[in-house]
Amino acid sequence: FGSNLVAAGRCVALFGTDSGKGDTDDPFLTAMKDYSSPAYTLEYSADVPTEWNVLAGANVLHTHLFNTTVLDAGVERAWFQFVTLREGQRCVATASLSAFDIDLGLFLGKSAEAWLLRIRRFSPRFLKINILICGLPASFGQSNLAFSPDADRETCLRLLAHYMEEVALKKGIKYLCFKEFDRSEAETLRPLETLGYFKAYSLPD
């Protein structure tokens, strides 16, 4: 695919309701409904916690400043949320979440522009999907998920996936994705495969 970056994605089977929350017959989501961890807790915020710098180290993509800059820039007019996982009071993992529209028509090339515009006169959202991502709405070549060295990664991923499913149901989003991991980090994603995610290569730049 011309890329060394890996993503994990999945589709949630949603059926809309007047409440906008939706119902589901997705077996993976059903299995996650009561998932919890006695050791870890999940917190979320519309702002980036300053304590994220504790796990960031030398990786600028995990810092409070970088994430706040992307948030304030309104990239892709995305919805943002910033998740902190704790063991007691200690921060053991952080994750940037974003939801935004992806225009699949961009991948068809210029030769398809004319007929795509004609179709969108009658169906404006043709080939446009709303997606919830563990990551930021731009490709920086790295993930926006950070762990402390002693974090139980599987538990963190399951808690985060559970929370993302809840957000997706409330927002009526069918597509979820964790991005962008290099090949050496790909094993980190393995617990997601048991929750219905599949692994795929990111598109080349």
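**Close-up views of a predicted model**

E180 is found in strand β9; here strands (E, at least two residues) and helices (H or I, at least four) are DSSP runs, numbered from the N terminus. This is a predicted model, in which local features need pLDDT of at least 70 and side-chain atom pairs count only at pLDDT 80 or more, while totals for chains, interfaces and linings use all residues. Residues are numbered from 1 along each chain as its sequence is written, and side-chain values use heavy atoms, with hydrogens and water left out.

**View 1. A cis peptide bond leads into E180.** The bond from K179 to E180 has omega near -20°. For background, most peptide bonds are trans, and most residues other than glycine have a negative phi.

**View 2. Two residues with positive phi sit in the loop between α3 (64-73) and β5.** Phi of E76 is near 55°, and that of R77 is about 50°; neither residue is a glycine. How exposed are they? E76 is partly exposed because its relative accessibility is 49%, whereas R77, at 82%, counts as exposed. The cut-offs are under 20% relative accessible area for buried, over 50% for exposed and partly exposed in between, with a 1.4 Å probe and protein chains only.

**View 3. Strand β6 (residues 90-103) is largely enclosed by the rest of the structure.** That is so because 10 of its 14 residues are buried. Strands count as paired if DSSP finds at least two bridges between them. Which strands pair with β6? Strand β5 (residues 79-87) runs antiparallel to β6 and is joined to it by nine bridges, one pair being R86 with C91. These two strands form a hairpin with two residues between them, and G88 in the turn has a positive phi of about 65°. Strand β7 (residues 128-134) is also antiparallel to β6, over seven bridges, and D103 stands opposite K128 there. Strand β8 (residues 145-147) adds three antiparallel bridges to β6, with T94 partnered by A146.

**View 4. C91 and C134 are cysteines without a disulfide.** A disulfide here is a pair of cysteine sulfur atoms within 2.5 Å, and the count comes to zero. For C91 the nearest cysteine sulfur is that of C156, 9.3 Å away; for C134 it is that of C177, at 8.8 Å. C91 counts as buried because its relative accessibility is 8%, and C134 is buried too, at 0%.

**View 5. L145, L160 and F178 touch the most other members of the largest nonpolar core.** Such a core is a set of buried Ala, Val, Leu, Ile, Met, Phe, Trp, Tyr and Cys residues joined through side-chain atoms within 4.5 Å, and this one has 30 residues. The elements giving two or more residues are β5, β6, β7, β8, α5 (153-171) and β9 (175-182). Helix α5 gives the most, with nine residues. Beyond its neighbours within four places in sequence, L145 is in contact (heavy atoms within 4.5 Å) with partners including H62, T94, C134 and F181.
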